[in-house]
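Me: I am new to reading protein models, and I would like to learn how to describe one step by step. Could you guide me through the one shown here?

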Amino acid sequence: MGTPRGLDSSGTLERGLAVLEHVGKNQEISTNAIARQLGLSRSAAYRIVGTLKNLEYLEADRVTGRVRLGTRLVELGARAMAATDLHRCAPRYLAALAERSGETTYLAVPDNDAMVYVATERSAGAVTLACRLGTRRPQHATSLGKAWLAALPEQDRVERIRRMKLDSLTLKTINDPVRLLDDLARTSRRGWAVDDVENEPDVGCVAAAVRDHTGRPIAAISIAGPAGRVLRRTDELGATVAGTAAALSLRLGYVRAQRG
């Protein structure tokens with residue numbers, strides 16, 4: 001990418017991104033050099049660099065004053081890599097899980113207070129279910145959502161539940177915050193979540209959270225099928241989905257600390 005033309009008159013976002021790209025290419029560079037090489041006024045360059053430093057996208061060397069990419073960008077880069085790895089690796093784990101369980105398996109990622117279904121696999125004997133890729137379902141009413149919520153730090157979990165709108169999708173949806181928090185605490189201890197016909201009539205599911213290399217929950221995988229088939233195998237299928245989620249998390253770099 002060459003030096004942008006007319007960058008000094010471009011929008012703030014475009015100039016900020018150009019500065020980040022330029023710093024990344026140079027590893028360390030002075031603000032005056034950024035202004036000169038990108039064709040920015042010194043005042044604009046110092047203002048943009050100052051804002052990016054405050055947001056931790058850039059950091060300055062204490063001796064030279066030169067700037068380099070900051071910790072916030074490193075974190076974002078790691079998350080982007082984890083997301084890419086997740087979508088590349090997950091299908092084979094879902095396929096093996098579907099074959100072992102004899103049901104349909106899903107991968108979903110969080111989006112605000114919902115889970116978005118992004119991958120699925122079916123066994124030969126699985127029943128066709130309503131959820132398609134791109135479908136959004138409330139976190140509080142799905143095993144996928146409850147597994148992800150239960151994997152959050154407890155304080156984060158409590159704050160989210162207190163502000164969430166707990167609509168009822170079926171007669172069995174948990175719409176009371178206290179009951180939901182109790183259910184999530186059990187899920188956290190057990191290692192997997194159960195959807196006891198809480199999202200769709202006659203459908204049961206079990207799910208477990210997938211973590212990235214930092215231990216942060218980034219997705220969840222589930223086994224879903226007719227309630228009569230899935231819910232009578234809750235312990236078996238719950239342990240199975242938890243084992244698969246742990247294996248996928250390990251593939252993404254998560255190593256759980258050993259308890260002393």
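Reply: What follows is a walk through a sheet, an aromatic pair, a helix contact and a single glycine. Please keep in mind from the start that this is a predicted model.

Me: Let us begin with the sheet, then: how many strands form it, and in what order do they lie?

Reply: To read a sheet, one follows the strands from neighbour to neighbour, which need not be their order along the chain. Here six strands form an open sheet in the order β5-β4-β3-β8-β7-β6, and the pairing is antiparallel. At the edges stand β5 (136-138) and β6 (193-196), each of which pairs on one side only, and from one strand to the next the twist averages 30°.

Me: Which residues stand opposite each other when I look at the bridges of β3?

Reply: One takes each neighbouring strand in turn and looks for the partner residue. Strand β3 (residues 104-111) is joined by eight bridges to strand β4 (residues 114-122), the two running antiparallel, and within this pairing Val109 stands opposite Val116 of β4. Five bridges join β3 to β8, again with the strands running antiparallel, and there Ala108 has Ala220 of β8 as its bridge partner.

Me: And how does β8 pair with β7, and is β8 mostly covered or open?

Reply: β7 and β8 pair over nine bridges in the antiparallel sense, with Ser222 in β8 as the bridge partner of Ala207. The hairpin of these two strands has five residues between them, and in it Gly215 takes a positive phi near 95°. As for cover, β8 is mostly covered, since nine of its 10 residues are buried.

Me: What kind of aromatic pair does the structure hold?

Reply: For two rings, one looks at the distance between their centres and at the angle between their planes. The structure holds one aromatic pair, formed by Tyr106 and Tyr117, with 5.1 Å centre to centre and 85° between the planes; the arrangement counts as edge-to-face because that angle is over 60 degrees. Tyr106 belongs to strand β3 and Tyr117 to strand β4, 11 residues apart.

Me: Why do we call Tyr106 and Tyr117 buried?

Reply: The word rests on a cut-off, for a residue is called buried if its relative accessible area is under 20%. Tyr106 has a relative accessible area of 4%, so Tyr106 is buried, and Tyr117, with a value of 5%, is therefore buried as well.

Me: How should I read two helices that pack together, and at what angle do α1 and α3 pack?

Reply: One compares the directions of their axes and then lists the residues in the contact. Helix α1 (residues 12-26) and helix α3 (residues 42-54) pack at an angle of about 80°, with their axes 10 Å apart, and they are therefore roughly perpendicular to each other. On the α1 side the contact is made by Arg15, Gly16, Val19 and Leu20, and on the α3 side by Ala44, Arg47, Ile48, Val49 and Leu52. By class, this contact of α1 with α3 has six nonpolar, one polar and two charged residues.

Me: Finally, where is Gly238, and which residues does Gly238 touch?

Reply: For a single residue, one asks first about its element and then about its surroundings. Gly238 lies in helix α9 (residues 234-251), and α9 lies across β6, β7 (203-211) and β8 (217-226), running at about 25° to β7. Not counting residues up to four places away in sequence, Gly238 touches Trp192, Val206 and Arg233. The C-alpha atoms of Gly238 and Gly191 are separated by 8.0 Å, although these residues are 47 residues apart along the chain. Gly238 has a relative accessible area of 0%, so Gly238 is buried.

Terms used. Residues are numbered from 1 along each chain as its sequence is written. This is a predicted model: local features need pLDDT of at least 70, side-chain atom pairs count only at pLDDT 80 or more; totals for chains, interfaces and linings use all residues. Side-chain values use heavy atoms; hydrogens and water are left out. Helices (H or I, at least four residues) and strands (E, at least two) are DSSP runs, numbered from the N terminus. Buried means under 20% relative accessible area, exposed over 50%, partly exposed in between (1.4 Å probe, protein chains only). Contact means heavy atoms within 4.5 Å. Two strands pair if DSSP finds at least two bridges between them. Axes are lines fitted to C-alpha atoms, for helices over the stretch in contact, and angles run from 0 to 180 degrees between N-to-C directions. Rings of Phe, Tyr and Trp (its six-membered ring) pair if their centres lie within 6.5 Å; planes under 30 degrees apart count as stacked, over 60 as edge-to-face and the rest as tilted. Angles under 35 degrees count as roughly parallel, over 145 as roughly antiparallel, 65 to 115 as roughly perpendicular and the rest as oblique. Ala, Val, Leu, Ile, Met, Phe, Trp, Tyr, Cys and Pro count as nonpolar, Asp, Glu, Lys and Arg as charged, and the others, Gly among them, as polar.
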